[in-house]
Each structure stands twice: as C-alpha cells, then as structure tokens.
Amino acid sequence: EVSYDFAFTNPGGETLMIQDIQTSCGCTVPEWPKKPIKKGEQENIHIVYEADFPGAFSKTITVYYNGKNSPDTLYIHGEVERTKTAM
C-alpha cells in the first residue's frame, strides 16, 4: 500500500466543496474533506494505491467541485519493485 497527499488551498472568493472524486481503477482509493473549505484554507486529498503487482503504474484521479474549472485531474505514477525472496 502506497499513499500520497495532494495539498491544496482554496484561492477563490467562494467556499469550495469537493463534490466527488473518481479514480481510474478500484486499486486507487481517495479520501477528501467533506466539509466546506473556506477562502485561503488549506486541505489535502489523500490517495491510497494498492501496489499489489510489480511494474510501472499510472493512475488518474478526477476531482469534481463547485468551481468553474471543474473537474480537475490529478495523476500518480511510479514503479512497484519486485520483492526479493530469501533462499
């Protein structure tokens, strides 16, 4: 299991609400603030990726919110190394 936090600040004059987050697969699980985010307030979108298989991965996280540029897309990518077995 690998996780990453996307930190963000509400730069707008209006209260921000994240309405939904969708991921490109079930192996990527998002957690986000369900409360209104006031102007200038900082929060995090927490992503957990189940790194069960070795090799490269690239996942898409789509964030829907009450702003004019909604949705926004976040990306995670990396490589899961093969575990070494003891002999």
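Good morning. A strand, as I use the word today, is a DSSP run of E with at least two residues, and strands are numbered from the N terminus. The structure under discussion is a predicted model.

I begin with the largest pocket. Three strands each supply at least two residues of its lining: strand 1, residues 2-9, strand 5, residues 55-65, and strand 6, residues 72-80. The pocket holds about 380 Å³ of space. Its lining comprises 19 residues, and those closest to the centre are F8, P11, L16, Y65 and D72. Which strand gives the most to this lining? Strand 1 does, with 4 residues. By residue class, the lining divides into 10 nonpolar, 7 polar and 2 charged residues.

Let me turn to the largest nonpolar core. This core has 17 residues, and the members that touch the most other members are I18, I21, I45, I61, V63 and I76. Strand 1, strand 2, strand 4, strand 5 and strand 6 are the elements that give two or more residues to it. Strand 5 gives the most, with 4 residues.

Two of these core members deserve a closer look. I45 is placed in strand 4. Is I45 buried or exposed? Its relative accessibility is 4%, so I45 counts as buried, the cut-off for that class being under 20%. Setting aside residues up to four places away in sequence, I45 touches Y4, D5, F6, F8, I18, I21, E31, W32, V63 and L74. By contrast with those contacts, consider K84: I45 and K84 are 39 residues apart in sequence, and their C-alpha atoms are 32 Å apart in space.

The second member is V63. Beyond its neighbours within four places in sequence, V63 is in contact with I18, D20, I21, I45, S70, P71, D72 and L74. Two residues on that list, S70 and P71, are joined by a cis peptide bond, with omega near 0°. P71 itself is found in the loop between strand 5 and strand 6.

I continue with E43, which also lies in strand 4, residues 42-49. The side chains of E43 and K35 are joined by a polar contact of 3.0 Å. Apart from residues up to four places away in sequence, E43 touches F6, A7, F8, P33, K35 and I37.

Next is T28, in strand 3, which spans residues 28-31. T28 has a relative accessibility of 2% and therefore counts as buried. With residues up to four places away in sequence left out, T28 touches T23, I47, V48, Y49, K59, I61 and I76. Of these, I61 and I76 were named earlier among the core members that touch the most others.

My last residue is M17, located in the loop between strand 1 and strand 2, the latter being residues 18-23. How accessible is M17, that is, which class does it fall into? M17 counts as partly exposed because its relative accessibility is 27%, and that class runs between 20% and 50%. Not counting residues up to four places away in sequence, M17 touches K34, K35, P36, Y64, Y65 and N66. M17 and G67 are 50 residues apart along the chain, yet their C-alpha atoms are separated by 8.4 Å.

To close, two residues link the parts of this talk. K35 forms the polar contact with E43 and is also touched by M17. Y65 is likewise touched by M17, and Y65 is among the lining residues closest to the centre of the largest pocket. Thank you.

Terms used: Residues numbered from 1 in each chain as written. Predicted model: local features only at pLDDT ≥ 70, side-chain atom pairs only at ≥ 80, totals over all residues. Heavy atoms only, no water. Buried < 20%, exposed > 50% of the residue type's maximum accessible area, 1.4 Å probe, protein only. Contact = heavy atoms within 4.5 Å. 1 Å grid on protein atoms, 1.4 Å probe; cavity = no way out; pocket = protein on both sides within 12 Å on 5 of 7 lines; lining within 4 Å. Points joined across faces, edges and corners; volume = space filled by probe spheres on them. Nonpolar A, V, L, I, M, F, W, Y, C, P; charged D, E, K, R; others polar. Polar contact = N/O pair within 3.5 Å; in protein donor to acceptor, adjacent residues only side chain to side chain. Core = buried A, V, L, I, M, F, W, Y, C linked by side-chain atoms within 4.5 Å.
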